[in-house]
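Got the viewer open and a few minutes to spare? Let's take a walk through this one together, one selection after another.

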Amino acid sequence: MENGLDKASSGSQQGSCCEMPGNNVPCAFCPYALDGTEIIPDSGGLTKLDGEYMLSEYGLVTLPLLFEMLYMIGLGLGDAKDITVKGLEVVRRCSRVYLETYTSVLTVGKEILEEFYERKLILADREEVEQEADNILKDADISDVAFLVVGDPFGATTHSDLILRATKLGIPYRVIHNASIMNAVGCCGLQLYKFGETVSIVFWTDTWRPESFFDKVKKNRQNGMHTLCLLDIKVKEQSLENLIKGRKIYEPPRYMSVNQAAQQLLEIVQNQRIRGEEPAVTEETLCVGLARVGAEDQKIAAGTLQQMSTVDLGGPLHSLIITGGSLHPLEMEMLSLFTIPENSSESQSIGGL
């Protein structure tokens, strides 16, 4: 016995542990892969198979890439080259590759991604992912299927649902992570461990103007925590009229800017004052606006909430941070690099910051 397991004898293709019902992965001590091919350990005691170290005679096992499965692959935040080397290798050998298009976008289009990945991409909108997921998962147990997500695969709850569906169908899966806005916001200098609960700010309509998320901002502020505000994206959305009439006519894409988010926040502040409440945020609260994080033309601006309502950060995607009030000296020094000049027009671009 070694490390609690019987080492497979050299005369058999698989040890007893590999013969256990439901065990599809070779154990750490088997000298043969499932197809009978002999595996020769390298000098470091690790076995290299299909381009990755997977088996160790000391018992360390990572999921091999031998079996057909669903791959959830993060693309990062910038352009085609932000995918990891591991992610790119998987994409290039998958039979079908889906690109999720409704929770975020990269700075480059489908054609550029296809050229770099050397694979045709199937665009997957909200309806496809949430209502017709079986199409994505079809045959994923007999051929490799990749599902590409801007940022990290777990940046949206809908992606967890896809994994749960795959598991129920007996389809194995693997996740290849990447940078997400949830950790990349540290580029502004605010310390990640001082962030509280993240909130989403949606586009208001004439009849729907939600303010409930503001309670989370208040709680974060009371605890001295920063609040990351994820701003609304409207892609392939139908108007109410077209939705009612069942017409597949879609509105142009819309991406909420820091300006729009700040304007809605300012209105919430005024509404709370009218109701006799003391708002947790005021016009003078220090905020940070971020645009196209991870791209070469990334922009960051630090200023009051009032300034955020007019500052020009350029094109999408935008995010907004409401600071927690008490800042560490290092945070203050970092934010000073992105401060909106007091003598500048509030509507001017901050490209030079």
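## First stop: a helix across a sheet

Start by selecting residues 258-274, which form helix α9. This helix lies across β8, β9 (227-231), β12 and β14 (318-322), and runs at about 40° to β14. Bear in mind as you go that you're looking at a predicted model.

Now bring up the strands beneath your selection. They belong to an open sheet of five strands, in the order β8-β9-β14-β12-β13, with mixed pairing. Which strands stand at the edges? Those are β8 (199-201) and β13 (299-304); each has a single partner strand, so one side of each is left without a neighbour in the sheet. Tilt the view and look at the twist: neighbouring strands here are turned by 25° against each other on average, ignoring direction.

Stay with the β13 side for a moment. Select residues 286-291 to get β12, which runs antiparallel to β13 and is joined to it by six bridges. To see one pairing up close, pick Val288, whose bridge partner in β13 is Ala302.

Just past that, click on Arg292, in the loop between β12 and β13. Its phi is positive, about 55°, although it is not a glycine. Most residues other than glycine have a negative phi. Is Arg292 buried or exposed? Arg292 is buried, with a relative accessible area of 10%.

## Second stop: the largest nonpolar core

Next, show side chains for Ile201, Phe213, Leu231, Leu265, Met308 and Leu320. Among the 28 residues in the largest nonpolar core, these six touch the most other members. Which elements give two or more residues to this core? They are β8, α7 (214-222), β9, α9, β12, α10 (305-308) and β14. The helix you began with, α9, supplies the largest share, seven residues.

Center on Leu320 and ask your viewer for its contacts. Leaving aside neighbours within four places in sequence, Leu320 touches residues including Leu228, Leu231, Val258, Ala261, Leu265, Val288 and Met308.

While you're in the area, pick Pro316 and Leu317: the peptide bond from the one to the other is cis, with omega near 5°. Most peptide bonds are trans. Leu317 sits in the loop between α10 and β14.

## Third stop: strand β4 and its partners

Time to move elsewhere in the chain. Select residues 96-100, strand β4. Why is β4 largely enclosed by the rest of the structure? Four of its five residues are buried, so there is protein around most of the strand.

Add residues 145-149, strand β6, which pairs with β4 in the parallel sense over four bridges. Here Leu99 stands opposite Leu148 in β6. Then add residues 122-124, strand β5, which runs parallel to β4 and is joined to it by three bridges. In this pair, Tyr98 stands opposite Ile122. Finally, switch on helix α2 (residues 110-117): together, β4, α2 and β5 make a right-handed β-α-β unit.

You can highlight another core as well. It is separate from the one you saw earlier, has 20 residues, and includes Met69, Leu75, Leu113 and Leu148.

## Fourth stop: Glu100

Go back to β4 and zoom in on Glu100, which belongs to that strand. With a relative accessibility of 2%, Glu100 counts as buried. Which side chain joins Glu100 in a polar contact of 2.7 Å? That is His159. The side chain of Glu100 also makes a polar contact with the side chain of Thr103, at 2.5 Å. Leaving aside neighbours within four places in sequence, the residues in contact with Glu100 are Ala124, Val129, Phe147, Leu148, Val149 and His159.

## Last stop: Asp139, then zoom out

Pick Asp139, in the loop between α4 (133-137) and β6. Asp139 has a positive phi, near 65°, and is not a glycine. At 34% relative accessibility, Asp139 counts as partly exposed.

Now pull back until the whole chain fits in the window. It has 11 helices and 14 strands, and of its 353 residues, 44% count as buried. Looking at contacts between residues at least 6 apart in sequence, 67% join residues at least 24 apart.

Notes. Residues numbered from 1 in each chain as written. Predicted model: local features only at pLDDT ≥ 70, side-chain atom pairs only at ≥ 80, totals over all residues. Heavy atoms only, no water. Pairing = 2+ DSSP bridges. Axes fitted to C-alpha atoms, helices over the stretch in contact; angles between N-to-C directions. Contact = heavy atoms within 4.5 Å. Buried < 20%, exposed > 50% of the residue type's maximum accessible area, 1.4 Å probe, protein only. Right-handed = clockwise from strand over helix to strand, strands pointing away. Core = buried A, V, L, I, M, F, W, Y, C linked by side-chain atoms within 4.5 Å. Polar contact = N/O pair within 3.5 Å; in protein donor to acceptor, adjacent residues only side chain to side chain.
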